[in-house]
Amino acid sequence: MRDFQKPERSEVFSSNGMIATSHPLAAKIGLDAMSKGGNAIDAAITSALMLVLCEPQSTGLFGDAFAIIKSKKTKRIIGLNGSGRSPINLSSDTLLSESMEKVPLNSAHSVTVPGAVSLFEEVANKFGNLGLKELCTQPIKYAEEGVVVSPRVAFDWETHREKLIGSSEKFYLNSGNPYRAGSLFRAPMQAEVLRQIAAQGSKGFYQSDITIDLVNSLRELGGVHTLADFEDVSVQYVDPIYAELKDGSTLIELPPNGQGITAIMMKKLMELCHIERFKADSFERVHLEAEIAKIAYSARNNFIGDPDFTKIKQNIFTDETYLKQLSKEISLGELFSDNLEDDFFMRNKDTVLICAADNEGNAISLIFSTFHAFGSGLCSRKYGLLFHNRGAGFTLKKNHPNELLGGKRPLHTIIPAILEEKNGSIMPFGVMGGQYQANGHARILSNIKDYGMEFQESLNFPRSFYFDGVLNLERGYPKATREKLYEMGYKIEDATIPLGGAQLVRFDSSGVLIGASDPRKDGCALGY
């Protein structure tokens, strides 16, 4: 039990339904949907559409989405990949011929076709109770009337204001300035987009005047997109990957082109290295996690791409015997170099997340993103839809699994997850935060499984993240931990923004629903 004399938050308990999101209004709208006869899946979809307005820096209708669902209607775990593909006329050769070394973050070349709307339609029609038209009702209302900007959203708006140029200034700045906490953000043109989606489903987005606005705007910005690129967008059903943890619970992630197998690799290596031997805030734990991250993220960067184009070597990430051998490479006294190459493995063999569950056995982890804050920073001229920059996840390296080619999906950072316990409890969860997400999944599960933390405590606890040569540390670590890590040779930086933002809902085998929401965001868990 937490110390009630400390300024923390409790888990939320309920018996009928539970939702956790990064914004309280989105959580409230989701809960309203359940109270009106909707299920957890309905709640997640309408909350996702609300977050387009509540957190425009983190997500948008021109984004991608993934989901893992346990549905009462099918009584099984279902994986859905709602990521879009690159324009058919774009390839690595296009950019290499222009002397580019990578896909520019703020260029139309980083804009792949969005897949989220196709996922929302499929999920609402197949697994929900209310229908997409009803689920659009409240988001349309708030797009017209406005949403009051919350503190974390205002912080992000100020931090990334310089990205908003051209048409984006008109739609996402307030008389040339970032929206402040307490100001009202309205998006009446997005209300019109939502009306067309409500009336026509995904065709109202992918085969309409909205599509013409998207394509014309992208071509004016230098893109090679065509209407044909948008015609056949559809969500893909995928087989989830199951990984049994040492306590008998099962971690469920989605396969590539996402990085879910990276999270599995990290958690399994944590178990094999017996990370629980050390205190939760010790330098030993941070060190082991950093070295495990180097291995797992290097494997991700070397081997993950679109499985429609390349056979993915999943055994490198999930094979128990191979991971045992790999764990022997990790030492408490040594640091790996960055970006381990292929031969190392061959030798051994700003996003939103919604979690919801109900007492009928429905559960969903849904993640929905435009990649970087405000995506590419570019938006469509008429409707003001921000273009994501998910194509920046491609590499230009020839013959790489993740090489940019026409009609291909890039490596994705966003990953939903579900944890199933032996006793029948089920926990949809996830972590927002770009590159941190795979590490965040492993860290939160380690907090719960290895250190016995309560659910909310597991989200509150300070985080570390080694990426791209730097070990980022949040405030809250002991001075001695920081000093020892520095002595070991790490380049340490204070995290300038919080590391990720997590949501968690658990349907306990006893029939009780438990929710937790990361204090690094403005949101909350709500139940009824």
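**Close-up views of a predicted model**

**View 1. Strand β2, covered on both faces.** Residues G17, I19 and T21 on one side of β2, and M18 and A20 on the other, are all buried, so both faces of the strand are covered. The model shown here and in the other views is predicted. Five of the five β2 residues are buried, so the strand is largely enclosed by the rest of the structure. β2 pairs with strand β10 (residues 352-358) in the antiparallel sense, over four bridges. Within that pairing, G17 has D358 of β10 as its bridge partner. β2 also pairs with strand β19 (residues 524-527), again antiparallel and over four bridges. Here M18 is bridged to G527 of β19.

**View 2. The open sheet that contains β2.** Seven strands make up this open sheet, in the order β7-β4-β3-β11-β10-β2-β19. The pairing is antiparallel. The edges are held by β7 (236-238) and β19. Each has a single partner strand, so one side of each is left without a neighbour in the sheet. From one strand to the next, the twist averages 15°. Inside the sheet, β10 and strand β11 (residues 363-369) pair in the antiparallel sense over six bridges. I354 has L366 of β11 as its bridge partner. Helix α4 (residues 116-127) packs on the sheet. α4 touches β3 (64-71), β4 (76-82), β7 and β11. The direction of α4 makes about 15° with that of β3.

**View 3. H23, in the loop after β2.** H23 is found in the loop between β2 (17-21) and α1 (24-35). Its relative accessibility is 5%, so H23 counts as buried. Leaving aside residues up to four places away in sequence, H23 touches L51, C54, E55, V148, S150, D522 and G523.

**View 4. The buried residues of helix α7.** In α7 (residues 151-159), the buried residues are R152, V153, A154, D156 and W157. Their cover includes the helices α2 (40-54) and α8 (167-172), together with strand β6 (184-185).

**View 5. A second open sheet, with α18 packed on it.** Seven strands run in the order β1-β18-β17-β13-β12-β9-β8 and form an open sheet with antiparallel pairing. β1 (12-14) and β8 (241-244) stand at the edges. Each has a single partner strand, so one side of each lacks a neighbour in the sheet. The twist averages 20° from one strand to the next. At the β8 edge, β8 pairs with strand β9 (residues 250-253) in the antiparallel sense over four bridges. A243 has L251 of β9 as its bridge partner. Helix α18 packs on the sheet and touches β9, β12 (416-420), β13 (426-432) and β17 (501-507). The direction of α18 makes about 135° with that of β13.

**View 6. G501 in strand β17.** G501 is found in β17. G501 has a relative accessible area of 0% and is buried. Its C-alpha atom is separated by 5.5 Å from that of V431, although the two residues are 70 apart along the chain. Not counting residues up to four places away in sequence, G501 touches G430, V431, M432, R463, D518 and K521.

**View 7. Helix α13 against helix α18.** α13 (residues 260-272) and α18 (residues 437-449) pack at an angle of about 40°, with their axes 8 Å apart. The two helices are therefore oblique to each other. The crossing of α13 past α18 is right-handed. From α13, the residues T262, A263, M266, K267 and M270 take part in the contact. They meet A438, N439, H441, A442, R443, L445 and S446 in α18. The contact residues divide into six nonpolar, four polar and two charged.

**View 8. Helix α14 against helix α18.** α14 (residues 283-303) packs with α18 at an angle of about 140°, and the axes are 11 Å apart. α14 and α18 are therefore oblique to each other. α14 passes α18 in a right-handed crossing. On the α14 side, the contact is made by R285, E289, A293 and Y297. Their counterparts in α18 are Q437, A438, N439, R443, S446 and N447. By type, the residues of this contact are three nonpolar, four polar and three charged.

Note on methods: Residues numbered from 1 in each chain as written. Predicted model: local features only at pLDDT ≥ 70, side-chain atom pairs only at ≥ 80, totals over all residues. Heavy atoms only, no water. Axes fitted to C-alpha atoms, helices over the stretch in contact; angles between N-to-C directions. Parallel < 35°, antiparallel > 145°, perpendicular 65-115°, else oblique. Left-handed = near helix turned anticlockwise from the far one by under 90°. Contact = heavy atoms within 4.5 Å. Nonpolar A, V, L, I, M, F, W, Y, C, P; charged D, E, K, R; others polar. Pairing = 2+ DSSP bridges. Buried < 20%, exposed > 50% of the residue type's maximum accessible area, 1.4 Å probe, protein only.
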